[in-house]
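Here is a short note to read alongside the structure. Take the points in order and find each element as you go.

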Amino acid sequence: MSEFEKRLGLVREEIARLQLDGYIIPRTDEFLGEYVPACAERLAWLTGFDGSAGIAAVLPDRAVVMSDGRYTLQLEQQVNRALYEAGDMYEAPLSDWLRDHAEEGARIGYDPMLFTPPQIESLSKAPVELVAVEGNLIDAVWNDRPAPPLEAVEMFPDEMAGKTAGEKRTEISASLEKEGLDAFVLTAPESVSWLLNVRGADVPHIPVVLSYAIIYAGGRIDWFVDPGKQGADVLPFFPQEVFCHDISKLSDNLLNLKDKVVGLDYKRSSVWFRQVLTTAGAQVKDIEDPCIEPRACKNEAERAAITETHIRDGVALVRFLKWVDEQGPKKKLTELDIVAKREECSRLDPLYREASFDTIAGWADNGAVVHYRVTKETNKPIKPPGLLLVDSGGQYCGGGVAGTTDVTRTVAIGEPTDDMRENFTRVLKGHIGVATARFPEGTTGGHIDALARKPLWDVGRDYDHGTGHGVGCYLSVHEEAAGISKRAGMPFKAGMLISNEPGYYKAGEYGIRIESLVFVVEDGLREDTDKKMLAFETVTMAPIDRNLIDPVLLSASETKWLNAYHRTVYETLAPRLESDVAAWLEQACTPL
């Protein structure tokens, strides 16, 4: 019996003990974050699937694991299909699977700390009884579960934040008064960390403090955090209006909001908060987290810090790409070597803290797995010719520099085929289409997304992921902001930092993605109104592989953009590079 079969058996025993007919396990933690501490990797522990989005359901006689289009191949590789079915949670949601496979009226348990109200409403479409279970069923049978993180809090300097925590409190509390709220419960650690100008190391890759906060209309804040994270060097920075509480006292403080008008972001908070506040007698209003927009719209200090961060990351990337270009064709490298070298080049910068996510290094057919993570079992040797897709990023902080990077470059090792060149060039055309877009204020990512896809649509091709997402300032690499996708609905605003990353994936052969980060900037006014026009300004500094470009497919304006971008990359980075690396970069940036 395999380890995963044993674990599934333990879960079914616990389901029976609790007199349930099933149990749902999402891939998230109590803070609903994309990245979770080791103690919250419940879905991976149970099923083996470690993608950043997913959900499982266990019934007495069958079970399923679901994710989205990014992880179709990864599900096939990681999950034992003798134990679990696999599915796409958007194409055929879990409520449909429960409708088809659970008995009508079956009691299906869930942890109310791990689901938002809209998620519960969606699951309620199945003809089953959803039962909120206190305590997590997986935790009850996970005997060697890691301890929760207890990393120290550090202050994020005001000069890099661009505003003091006091100024932010004043701004947010004023927005509560406009909404007629007495208080707002902040459940996103990114918002709490941004608001208080603090950072931490509780989860991999994202420097947040796992904590909650209540901000009141008058500006006072109750901050709920494990007291073991607060050091003597941190507490003096908090004014009298910020009160620190043990996170175990959260429920008691929520109950004190009786008869208050309380804001709660239903899409970003667990259903547990609504249940507790409603029970307390509070009037709960579903309102978007008031920190989302100001956090997404970087101020002048943040933009300067982010720009310098990308220059530093560009230096690391160029050293890395030169190494790949020279060593890839002749050395017996593997994907793990690629990941290690990217980290080695980054660590040459003293302000580099850690990777902003696990580096994706996909050679050949592994590159077609959109969010591929190399392991010892999947590690491929680099055997030219072929394509290498490397998606990587870093967290930088110190000395007036603070930022989060995310960049993908696909390079040919050996001679690429005409098919590779055509698809790469079409992806590049889409990338340029986004980079050069000019649009009126109020435009959403659903409008821009088509610009990235059209060159592929023209020949009947596409890709199954969004074209862009928000990025934080020394925070989350996937930040709430105006994204670029079919479903994106938040309007773009000046100061937002967004990724531009179209791709193409040929299953069993190769993957292509070109990703740079862009600032949303003001670009004049509409001629017919006084409405602002916006545009994108590329901040990532890294060459795009000229060996993969078919110049015939590029228009004159696209060629002009690429040559101008490469000129900027060279002029910006060359003064910071060793002479041999600068010479390589000059060649890589030669105009088409």
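**Notes on a predicted model**

1. Start with an open sheet of three strands, ordered 16-17-20, whose pairing is antiparallel. Strand 16 (360–363) and strand 20 (407–413) are the edge strands, and each pairs on one side only. On average, neighbouring strands of this sheet are turned by 15° against each other, direction ignored. Keep in mind throughout that this is a predicted model.

2. Now look at one pair within that sheet. Four bridges link strand 16 with strand 17 (residues 386–392), in the antiparallel sense. Which residue in strand 17 is the bridge partner of Ile360? It is Asp391.

3. Check the loop between strand 16 and strand 17, where Pro385 sits. The peptide bond joining Pro384 and Pro385 is cis. Its omega is about 5°.

4. Move to another open sheet of three strands. Its order is 15-18-19, and its pairing is antiparallel. Strand 15 (352–355) and strand 19 (401–404) stand at the edges with a single partner strand each, so one side of each has no neighbour in the sheet. From one strand to the next, the twist averages 20°.

5. Stay with strand 15. Three bridges join strand 15 to strand 18 (residues 394–398), and the two run antiparallel. Find Glu354: the residue opposite, in strand 18, is Gln395.

6. A helix packs on this sheet. Helix 13 (residues 300–327) lies across strand 18 and strand 19. Its angle to strand 19 is about 75°.

7. Next, a pair of helices. The axes of helix 15 (residues 418–435) and helix 17 (residues 556–573) come within 10 Å and cross at roughly 80°. Why is helix 15 called roughly perpendicular to helix 17? The crossing is roughly 80°, and angles from 65 to 115 degrees count as roughly perpendicular.

8. See which residues make that contact. From helix 15 come Leu428, Lys429, His431, Ile432 and Ala435. They meet Glu558, Trp561 and Leu562 in helix 17. By class, the contact has five nonpolar, one polar and two charged residues.

9. Turn to the open spaces. The second largest pocket has a volume of about 680 Å³. It is lined by 28 residues, and the closest to its centre are Glu30, Phe31, Met113, Tyr212 and Ile247. What classes make up the lining of the second largest pocket? There are 15 nonpolar, four polar and nine charged residues.

10. Then the enclosed spaces. How many cavities of 30 Å³ or more are there? The count comes to four. The largest cavity has a volume of about 70 Å³.

11. Look at the walls of the largest cavity. The lining includes Asp29, Phe31, Gly33, Glu34 and Tyr35. Pro189, Glu190, Val203, Ile206, Val208 and Leu210 also line this cavity. The lining divides into seven nonpolar, one polar and three charged residues. Phe31 deserves a second look: it lines the largest cavity, and it is also among the residues closest to the centre of the second largest pocket.

12. Finish with one backbone detail. Asn197 is not a glycine, yet its phi is positive, at about 55°. Where is Asn197 placed? It lies in the loop between helix 9 (189–196) and strand 9 (198–199).

Notes
Residues are numbered from 1 along each chain as its sequence is written. This is a predicted model: local features need pLDDT of at least 70, side-chain atom pairs count only at pLDDT 80 or more; totals for chains, interfaces and linings use all residues. Side-chain values use heavy atoms; hydrogens and water are left out. Two strands pair if DSSP finds at least two bridges between them. Axes are lines fitted to C-alpha atoms, for helices over the stretch in contact, and angles run from 0 to 180 degrees between N-to-C directions. Contact means heavy atoms within 4.5 Å. On a 1 Å grid over the protein atoms alone, a cavity is a set of points where a 1.4 Å probe fits but cannot get out, and a pocket is an open set with protein on both sides within 12 Å along at least five of seven lines; lining residues have an atom within 4 Å of a point. Grid points are joined across faces, edges and corners, and a volume is the space filled by probe spheres set on the points. Ala, Val, Leu, Ile, Met, Phe, Trp, Tyr, Cys and Pro count as nonpolar, Asp, Glu, Lys and Arg as charged, and the others, Gly among them, as polar.
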